[in-house]
Amino acid sequence: MSDQLPNLDLSLLDGHLGKSESSTHKPRILLLYGSTRERSFSRLLVEEAAKLLEHLGAETRIFNPSGPPLPDDAPVEHPKVQELRDLVTWSEGQVWCSPERHGAISAVFKAQIDWILLALGAIRPSQGKTLAVMQVCGGSQSFNVVNQLRVLGRWMRMFTIPNQSSVPKAYMEFDDAGRMKPSAYYDRVVDVMEELMRFTLLLRGHPELVDRYSERKEAVEALAKRTNLSSI
């Protein structure tokens with residue numbers, strides 16, 4: 001049996017394992033939530049997560065989902081769409097939190113994801129970024145939303161951490177000031193944010209862990225095509 005690897009450009013496999021880049025800035029974490037209600041529990045949970053992340057040393061930004069048009073219902077130049085895409089590009093890790101609506105993620109949350117493209121020119125804005133998923137429930141605990149968010153995270157080429165948070169009867173878990181009450185559910189949120197920080201710090205200094213052979217090959221072929229065209 002032959003040991004050859006047919007149709008592979010082996011030069012694209014050399015030197016792409018083991019390199020690292022040091023980063024000294026704070027980890028940049030974007031948080032998305034899925035409800036525009038005045039007292040949105042997914043927003044309150046995200047705000048609590050942001051406080052924890054900042055305590056752990058991260059820089060956080062929360063995107064307000066009120067205002068963006070439905071996907072494909074407006075030009076991509078819409079200010080809210082551009083704001084979201086810029087934040088996704090800026091981020092090194094993300095937190096996604098949606099309420100459960102009819103056993104699924106909310107339309108508000110899905111619309112945000114649908115405005116994020118897998119590629120913007122040569123930039124893949126979500127690829128290789130870390131992701132933590134959370135959900136809030138109006139009733140008993142469910143994991144429908146976090147499971148769906150994991151599917152979306154994989155589709156967006158993100159590294160979704162193993163831990164997750166699902167908060168049942170969310171209306172009972174926050175005080176009048178919007179802060180989450182001490183509980184086992186709060187402790188789980190702490191665990192999730194701590195884990196997200198660890199994975200973000202590990203991955204952001206190692207671009208080889210999110211670099212793909214097929215994409216390097218595509219880049220080489222595109223460069224060769226441009227070179228041939230310019231020589232005509």
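**Strands, cores and helices of the predicted model**

The side chain of Arg-204 reaches the backbone oxygen of His-25, at a distance of 2.6 Å, in a model that is predicted. Arg-204 lies in helix 5, and because its relative accessibility is 17%, where buried means under 20%, this residue counts as buried.

In the protein as a whole, six helices and seven strands are found, and from the N terminus on these elements follow the order β-α-β-α-β-β-α-β-α-β-β-α-α. Of the 232 residues in the protein, 43% are buried. Among the contacts with a separation of 6 or more, 79% are accounted for by residues that stand 24 or more positions apart.

Strand 3, which comprises residues 93-101, is mostly covered, with seven of its nine residues buried. Strand 3 is paired with strand 1 (residues 28-33), to which it runs parallel and is joined by five bridges; within this pairing, Leu-32 has Trp-96 of strand 3 as its bridge partner. Strand 3 also runs parallel to strand 5 (residues 130-136), and seven bridges join these two strands, with Thr-130 of strand 5 serving as the bridge partner of Gly-93. With strand 4 (residues 104-105), by contrast, the pairing of strand 3 is antiparallel and extends over two bridges, and here the bridge partner of Arg-101 is Ala-104 in strand 4. Strand 3 and strand 4 form a hairpin in which two residues lie between the strands, and in the turn His-102 has a positive phi of about 50°.

The packing of nonpolar residues was considered next. In soluble globular proteins, nonpolar side chains tend to be buried together. The largest nonpolar core in this model has 28 residues, of which Leu-31, Leu-45, Leu-53, Val-95, Met-134 and Met-193 touch the most other members. Two or more residues are given to this core by each of strand 1, helix 1 (41-55), strand 3, strand 5 and helix 5 (184-204), and the largest share, eight residues, comes from helix 1. When residues up to four places away in sequence are not counted, Leu-45 touches Cys-97, Met-134, Gln-135, Val-136, Val-167, Phe-174, Met-180 and Val-189. Another core, of 21 residues, lies apart from the largest one and has Val-146, Leu-149, Leu-152 and Met-158 among its members.

Helix 4 (residues 144-155) has twelve residues, which at 1.5 Å a residue should span 16 Å, and this expectation agrees with the 17 Å that separate its end C-alpha atoms. In helix 4, the buried residues are Val-145, Val-146, Leu-149, Leu-152 and Gly-153; because they cover an arc of only 115° around the axis, they are placed on the same side of helix 4. An α-helix has 3.6 residues a turn, so residues three or four places apart point the same way. On the other side of helix 4, Arg-154 and Trp-155 are exposed. The elements that cover the buried residues of helix 4 include strand 3, strand 4, helix 3 (107-114), strand 5, strand 6 (159-160) and strand 7 (165-167). Just after helix 4, a positive phi of about 65° is taken by Arg-157.

Helix 5, the element to which Arg-204 belongs, has 21 residues that should span 30 Å at 1.5 Å a residue, and the separation of its end C-alpha atoms, 30 Å, agrees with this value. The N-terminal end of helix 5 is capped by Ser-183, a side-chain oxygen of which lies 3.1 Å from the backbone nitrogen of Tyr-185. The buried residues of helix 5 include Tyr-186, Val-189, Val-192, Met-193 and Leu-196, together with polar or charged residues such as Glu-195, Thr-200 and Arg-204. Strand 1, helix 1, strand 3, strand 5, strand 6 and strand 7 are among the elements that cover the buried residues of helix 5.

Finally, one position in a loop may be described. Asp-72 is found in the loop between strand 2 (59-62) and helix 2 (79-90), and because its relative accessibility is 74%, Asp-72 counts as exposed. Although Asp-72 and Ala-111 are 39 residues apart along the chain, their C-alpha atoms are separated by 9.9 Å.

Technical notes. Residues numbered from 1 in each chain as written. Predicted model: local features only at pLDDT ≥ 70, side-chain atom pairs only at ≥ 80, totals over all residues. Heavy atoms only, no water. Buried < 20%, exposed > 50% of the residue type's maximum accessible area, 1.4 Å probe, protein only. Helix = DSSP H or I, 4+ residues; strand = E, 2+ residues; numbered from the N terminus. Pairing = 2+ DSSP bridges. Core = buried A, V, L, I, M, F, W, Y, C linked by side-chain atoms within 4.5 Å. Contact = heavy atoms within 4.5 Å. Expected span 1.5 Å × (residues − 1). Arc of directions from axis to C-beta. Polar contact = N/O pair within 3.5 Å; in protein donor to acceptor, adjacent residues only side chain to side chain.
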